[in-house]
Every structure is written in structure tokens, then in C-alpha cells.
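Subject: The structure, and what turned up in it

Hi there,

Here is the structure I promised to pass on. Please open it beside this email, and then read on for a tour of what was found.

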Amino acid sequence: MTDPDLARLFRFVLVRTSHPGNIGSAARAMRTMGFTRMELVAPHKFPDREASAMAAGADDVLEGAGVHRGLIESLAGSSLAFGLSARRRGVNLPELTPREGAMQALAAAQRGEQVAFVFGNERTGLENEELARCHAMVRIPSVDDFSSLNLSQAVQVMAYELRVAWLGESISAAPPLHDEPPADAAQMERFYEHLAQTLDDIDFHKGRAATTIMLRLRKLFQRAQMDERELRMLHGILADAQRMAQIAGQKK
């Protein structure tokens with residue numbers, strides 16, 4: 001796999017970015033490390049002249065940037081997502097340093113998997129619901145009393161660590177985790193929707209908080225990193241459970 005081919009397996013996802021200049025600065029940060037794939041989720045303003053000015057020549061990154069209404073659309077095709085956050089959140093995810101995240105990301109890319117790094121809004125960061133779509137959280141170890149980095153600075157740190165891991169000699173291509181293609185973010189989201197509907201159909205919650213249960217189940221299945229065949233099997237199990245629940249309801 002050539003360098004450009006490997007680089008295209010990594011995407012930097014900016015969610016609800018408020019200032020177009022930060023999009024341009026992030027593009028510049030990515031381009032200096034050899035990465036060009038940017039995905040934008042509901043940006044406040046894009047395209048914009050300020051973004052182009054702050055990109056300082058990284059026009060190819062901006063021109064190729066995808067613009068999406070929601071996070072799931074921006075993750076389509078990726079099987080591994082890391083959420084960047086300065087704060088420890090209520091979502092119980094594995095917490096990695098940028099270096100650890102870069103090493104895991106590179107190992108996945110060498111297996112041919114697409115990897116996403118997800119960055120939140122400048123003021124509020126990633127919401128818990130957005131982090132729940134990620135497999136792990138990457139936390140830049142800044143000082144506790146002044147932990148907020150500018151968006152483009154966070155992108156630069158992550159892109160740098162990924163570049164350093166890439167140039168290193170210590171990582172060899174890891175064998176595939178599965179015989180089948182890994183399930184991507186969109187496929188996993190459809191599964192979670194099916195799972196949530198099935199739990200309702202069988203009256204699993206019985207008054208308990210459905211949101212909390214689904215967050216825990218998301219964590220469980222994200223950790224499993226399922227492939228497409230496994231996902232089809234689980235869909236089949238859920239469909240049978242729904243069918244049996246319907247039959248039981250008709251007998252009442």
C-alpha cells in the first residue's frame with residue numbers, strides 16, 4: 001500500500017465548527033502531516049474566504065472536504081472512530097493518549113480499515129451522544145487548570161502523532177481481525193436502531209432508562225468491532241425476537 005493510499009484511510013471529522021477560520025487552520029495542520037481527507041458536520045459557515053485564507057495553501061483539503069448534516073453520515077465507511085475530548089465525560093469509553101490512538105489507528109489502516117478522528121465544537125467539544133458513536137476517546141494530556149486547546153491545535157497534535165507512528169519502524173502490518181469486511185459506522189447505526197426497536201418490542205426496559213441501557217450496549221458492541229457477517233447474524237436474531245413478540249401479542 002503506497003503512502004497516498006494509506007493516508008486516504010484516515011479522515012479528520014470536524015463537528016459543528018463555529019468559525020470558518022478554524023476549518024482552514026485545521027486543513028493546514030492536516031496537510032503539513034500528509035493528510036487530506038476532511039469531513040465537516042453541520043459547519044456554521046463553509047465554504048468561506050476566511051477558511052481559505054487560514055488554510056495557507058492547503059486548498060486541496062478544503063476543496064475535497066465533505067459536508068454532512070449528521071455525524072453518522074461523516075463516518076460512513078469507517079470501522080474505527082476516535083473522539084477527541086479535553087474532558088472526561090459521562091460516556092464510559094477507553095481513554096487513550098494521542099500516541100496510543102495513533103498506534104491503534106495505524107494498525108487498523110494497515111489492515112485496510114478506514115479510521116476517523118472526531119473533533120467537537122470549539123466551545124462545547126463533543127456531546128456525549130457524539131462520543132457514544134466512537135470506539136475510544138483520545139485525551140491530549142494538557143494541564144488541568146488550562147486544558148482547552150484551539151481546534152486546529154488539537155488537529156495538529158493528533159496528525160503529528162499519527163505521522164510519527166507512520167514513519168516509525170516498530171509497527172508491522174497486523175493480520176485482519178476478521179475474514180469478512182468490518183462493519184462500518186453506518187451499518188452499526190442501523191444495527192443499534194434495530195436493537196433499540198427490538199428491546200421496545202419485547203418490553204425489555206420495563207420502566208428502566210432506555211438511554212442508559214443503549215449507551216452500555218453501544219459500548220459492548222463497539223468493543224467487539226464486529227464484521228458484516230456477524231452483524232447480519234445479529235439482525236437475524238433480533239428479527240426472530242420481534243416475530244416471536246408479535247406472535248405472543250396476538251395470542252393475548
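To start with a small puzzle: is Arg99 buried or exposed? Have a look at the side chain before reading the next paragraph. Keep in mind throughout that this is a predicted model.

Arg99 is exposed, with a relative accessible area of 51%. The cut-off for that word is over 50%. Arg99 forms a salt bridge with Glu161, and the closest N and O atoms of the two are 3.0 Å apart. Glu161 is in helix α8 while Arg99 is in helix α6, so this pair ties together parts that are 62 residues apart in sequence. The partner sits in another setting: Glu161 counts as buried, at 11% relative accessibility.

**More salt bridges**

Side chains of opposite charge can pair when their charged atoms come close. In this model the count comes to eleven salt bridges. One of them joins the side chains of Asp60 and Arg31, with 3.0 Å from N to O. This pair also links distant parts of the chain, as Asp60 belongs to helix α4 (residues 59–63) and Arg31 to helix α2 (residues 20–32), 29 residues apart. Asp60 is partly exposed at 36% relative accessibility, and Arg31 is partly exposed at 39%.

Another salt bridge brings together the side chains of Glu113 and Arg111, at 3.1 Å from N to O. Here Glu113 counts as buried, with 8% relative accessibility, whereas Arg111 is partly exposed at 22%. There is also a network of salt bridges that links Glu129, Arg133, Glu189 and Arg218.

**Around helix α6**

Let's go back to the helix that holds Arg99. Just before α6 (98–110) comes Thr97, in the loop that follows β5 (95–96). Thr97 is partly exposed, its relative accessible area being 31%. If you set aside neighbours within four places in sequence, Thr97 is in contact with Val138 and Arg139. You can also compare Thr97 with Leu84: the two are 13 residues apart in sequence, and their C-alpha atoms are 9.8 Å apart in space.

The helix α6 itself has 13 residues. From its first C-alpha to its last it reaches 18 Å, close to the 18 Å expected at 1.5 Å a residue. Which residues of α6 are buried? They are Pro98, Gly101, Ala102, Ala105, Leu106, Ala107, Ala108 and Ala109. An α-helix has 3.6 residues a turn, so residues three or four places apart point the same way. That is handy to remember as you look down the helix. After α6 comes Gly112, which has a positive phi, near 90°.

**Strand β6 and its partners**

Next, please find strand β6 (residues 115–119), where five of the five residues are buried. Both of its faces are covered: Val115, Phe117 and Phe119 are on one side, and Ala116 and Val118 are on the other. Strand β1 (residues 10–15) runs parallel to β6 and is joined to it by five bridges. Within this pairing, Phe12 has Phe117 as its bridge partner in β6. Strand β4 (residues 80–84) is likewise parallel to β6, again with five bridges. There, Gly83 stands opposite Val118.

**The nonpolar cores**

Some of those residues come back here. The largest nonpolar core has 44 residues, and the members that touch the most others are Phe10, Phe12, Phe35, Met38, Phe117 and Phe119. Which helix gives this core its largest share? Helix α8 (residues 151–167) does, with eight residues. Phe35 is a good one to click on: leaving out residues up to four places away in sequence, Phe35 touches Ala7, Phe10, Phe12, Met30, Val61, Ala159, Leu162, Arg163 and Trp166. Another core, of 14 residues, lies apart from the largest one, and among its members are Val41, Leu126, Met137 and Ala185.

**One last stop**

Finally, look at Asp48, in the loop between β2 (38–41) and α3 (49–55). Asp48 counts as buried because its relative accessibility is 16%, and the cut-off for buried is under 20%. Its side chain reaches the backbone nitrogen of Glu50 at 2.8 Å.

Enjoy exploring, and write back with any questions!

Best wishes

How values were computed
Residues are numbered from 1 along each chain as its sequence is written. This is a predicted model: local features need pLDDT of at least 70, side-chain atom pairs count only at pLDDT 80 or more; totals for chains, interfaces and linings use all residues. Side-chain values use heavy atoms; hydrogens and water are left out. Helices (H or I, at least four residues) and strands (E, at least two) are DSSP runs, numbered from the N terminus. Buried means under 20% relative accessible area, exposed over 50%, partly exposed in between (1.4 Å probe, protein chains only). Contact means heavy atoms within 4.5 Å. A nonpolar core is a set of buried Ala, Val, Leu, Ile, Met, Phe, Trp, Tyr and Cys residues joined through side-chain atoms within 4.5 Å. A salt bridge is a side-chain nitrogen of Lys or Arg within 4 Å of a carboxyl oxygen of Asp or Glu. A polar contact is a pair of N or O atoms within 3.5 Å; within protein, one must be able to donate a hydrogen and the other to accept it, and residues adjacent in sequence count only if both atoms are side-chain atoms. The expected span of a helix is 1.5 Å times one less than its number of residues. Two strands pair if DSSP finds at least two bridges between them.
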